[in-house]
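Reader: I should be grateful for a close look at one part of this model, namely its largest cavity. Please describe what lines the cavity, and then follow the lining elements outward to the other features of the chain.

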Amino acid sequence: MASNQSTTPPPTLQRGKACLRCRYFLYSFIIHQNSLTMLKRALSRKRKMRCDGSKPACQQCIRAKQHDACQYDDGKGKTRTQLLREHIERLEQRIRELEDPEYTSPSVTLHDPHRHGRSESSSSSITSSPASTGFSLSVSSFPPSANNSPQSSWIQGIPSPSPTPFTDIYHEEPQPTVELAQTLVDIFSSHCRQSLLGLHMGRLRESFTRPVMEQHHPVLTNAIFLWACYISRPGPLSTHESHYLSRALDSLSDALQYQSRLLDVIQASCLLSLYFLSNGRALEGSYHANAAASLAIQCGLHGAMTNRSSSFETTASISPFKLDPPKDAIEQGERILTFWQVFVLDRCWSVVLHKPVTIPHGSDGYASIIMPWPQDMEEYTAGQIDDLHSFHTVRSFFERQVTNVRGGFSPLALRVKASALFERAHNLASTWDQPMSSAFTDDFQTLEHTIARFIPTLIPVHQLDATVPDEKHAYIATHTLAHAAMIHLYYPFGAEDPLSYEKCLRAARCLVSIIKHIADTDYDFLDPIIGPCWTCAVDTLIRELNVIESSWPLVSSSDVRSEIGTVLYAMNNLSARFPLLGYSVAKVQKRLSGL
């Protein structure tokens, strides 16, 4: 008798009286399992799963240890499905407004069931904030507990192991739809080498279709969306820059709480730094560049191929950040590319900002760089990774210790080498003091020979037009940095040493010849660091102009003025994309007006 009672199913509830978890169980299960076999299992389990309507938690939720997830819709407010549909409708309105600036969305007032829990002042501040523009909502339909922070679910710490179908949204405001997010990624991907972001674009696009917790952290996705808007200037998409900038910055502190999101933080910090620097916001750019470099060293990204750890850790020391082993060659490649992205940012912009590098020059110990040269993403995708040659990459390049290893000649690897030469030349010249020591002379000659040996390994300038666009833009940056390194190395000695003066002038004219191979359509894809390099060339040419007009008044200076005009034209074109150069152009024009 007792056994018969135990097998008696609970009485059938009226339609709509079951708890939300039991009601939407099948829907959530099917969404996360794209398999016919799993679908059959779900349907079988659905038939066996009945809600008894017990409160505060039904027996099904108690068995599944989901007491908190057991919620009932009492009919007084809108269901989660209705609220989500309103979110989708609002996003679609935003998308139409973005695609057609002349489109006028109808005036629709959405009901907010939690409005009584907020003050009028808080509602008005949300509506008038920058986050209310673009794809965000002016009024959130989530409970007040979800509005305490921009990324509520992440900040709660460990997320619920089995979230209900509609509670795994960790944003106060919804992200763009999958289609819009992928469109923004497509816009950005054509400029990926411009920012040196080392991500597999196919995987990035596909990630937006996964569950939220399997996607990249919002700090990275919003930084990418920011760049998509930035490179769309002056189009209507650029009006959403401030929205994604604020969201990326708001997400940064939250992402730092999760060791598994460290790579996202480093990559986002690089994108934010380059965004600020190219817009002339030097202090903010320097801050994020330093943060990215420090984190990269702290988590051992500079020696990721060797899995190094310190030999002794005291009890008081904090355990170092350790990245989980990469899942495949693509993920390993992304880590290698991320380190070199940080390295290039640190080396190049330390020269422009006149600050020490954050990634040290150390050749021994923990700070030494043991990492293969970067390769193209296509090679990583094919599983071709140079993991057999773990050596002191940068030190070997300067000391010519390694000559027979595979790799080191991809466009990105050459870009990394040129960045290292650029910074080393500036650093060495800035330490010069009379009289020259023998150590300084040796270092100077070694660096001079390294630069002279490096430039012939590049594709000749007159062949740039025959390369594919992506490689052309990369080689333009590499050639420019190499010749700018020569200018930095010789410029301080040019006033007294005719040979140094001539080498410096020759390097400046090489930069002019490179500019002549840049088409107007290329400027949108050039690296922002090229601008400060052109400024070095202009300074050198103006010095030559002063010498000619003051010492040789009968000699025509038209050729030098023409070269200066060529560089100024290029700087003006680039300043339209990167406002950083606007100030430099104004200074050069002021100097020329006094000649």
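Author: The account below begins with the cavity and then turns to backbone geometry, salt bridges and the surface.

The model is a predicted one. Four cavities of 30 Å³ or more are counted in it, and the largest holds about 100 Å³ of space. Its lining consists of Gln194, Ser195, Leu196, Cys270, Leu274, Gln341, Val344, Leu345, Cys348, Trp349, Arg415 and Asp527. Three elements give two or more residues to this lining: α10 (192-195), α14 (262-278) and α16 (329-353). The greatest contribution is that of α16, with five residues. In chemical character, the lining of the largest cavity divides into seven nonpolar residues, three polar and two charged.

One lining residue, Leu196, deserves attention for its backbone. Leu196 is found in the loop between α10 and α11, and its phi is positive, at about 65°, although the residue is not a glycine. With a relative accessibility of 15%, Leu196 counts as buried, because the limit for that class is under 20%. Most residues other than glycine have a negative phi, and most peptide bonds are trans.

A positive phi also occurs at His354, where the value is near 55° in a residue other than glycine. His354 lies in the loop between α16 and α17 (377-381). Its setting is exposed, with a relative accessible area of 64%. A further backbone feature is the cis peptide bond that joins Arg233 and Pro234, with omega about 0°. Pro234 is placed in the loop between α12 (218-230) and α13 (241-255).

Charged contacts come next. Side chains of opposite charge can pair when their charged atoms come close. The model has 19 salt bridges. In one of them, Arg205 pairs with Asp186, and the closest N and O atoms are 2.8 Å apart. Arg205 belongs to helix α11 (residues 201-207) and Asp186 to helix α9 (residues 178-189), so this pair ties together parts that are 19 residues apart in sequence. Arg205 counts as partly exposed at 28% relative accessibility, and Asp186 likewise counts as partly exposed, at 37%.

A second salt bridge is formed by the side chains of Arg347 and Asp346, at 3.1 Å from N to O. Both of these residues, Arg347 and Asp346, are buried. In a third, Glu448 and Lys503 have their closest N and O atoms 2.5 Å apart. That pair links distant parts of the chain, with Glu448 in helix α20 (residues 438-454) and Lys503 in helix α22 (residues 498-515), 55 residues apart. Glu448 is buried, at a relative accessible area of 16%, whereas Lys503 counts as partly exposed at 22%. Salt bridges that share partners also join Asp346, Arg347, Lys355 and Glu423 into one network.

The surface completes the account. Val547, Trp552 and Val555 make a nonpolar surface patch of about 280 Å². Val547 has its place in helix α23 (residues 530-551). This valine counts as partly exposed, with a relative accessibility of 31%.

To return to the cavity that prompted the request, α16 gives the most to its lining, and Leu196, among the lining residues, has a positive phi.

Key: Residues are numbered from 1 along each chain as its sequence is written. This is a predicted model: local features need pLDDT of at least 70, side-chain atom pairs count only at pLDDT 80 or more; totals for chains, interfaces and linings use all residues. Side-chain values use heavy atoms; hydrogens and water are left out. Patches are made of residues with over 30% relative accessible area and no salt bridge: like charges are joined within 9 Å, nonpolar side chains (Val, Leu, Ile, Met, Phe, Trp, Tyr) within 5 Å. Accessible areas come from the Shrake-Rupley method with a 1.4 Å probe; for residues, only the protein chains shown count as cover. A salt bridge is a side-chain nitrogen of Lys or Arg within 4 Å of a carboxyl oxygen of Asp or Glu. Helices (H or I, at least four residues) and strands (E, at least two) are DSSP runs, numbered from the N terminus. Buried means under 20% relative accessible area, exposed over 50%, partly exposed in between (1.4 Å probe, protein chains only). On a 1 Å grid over the protein atoms alone, a cavity is a set of points where a 1.4 Å probe fits but cannot get out, and a pocket is an open set with protein on both sides within 12 Å along at least five of seven lines; lining residues have an atom within 4 Å of a point. Grid points are joined across faces, edges and corners, and a volume is the space filled by probe spheres set on the points. Ala, Val, Leu, Ile, Met, Phe, Trp, Tyr, Cys and Pro count as nonpolar, Asp, Glu, Lys and Arg as charged, and the others, Gly among them, as polar.
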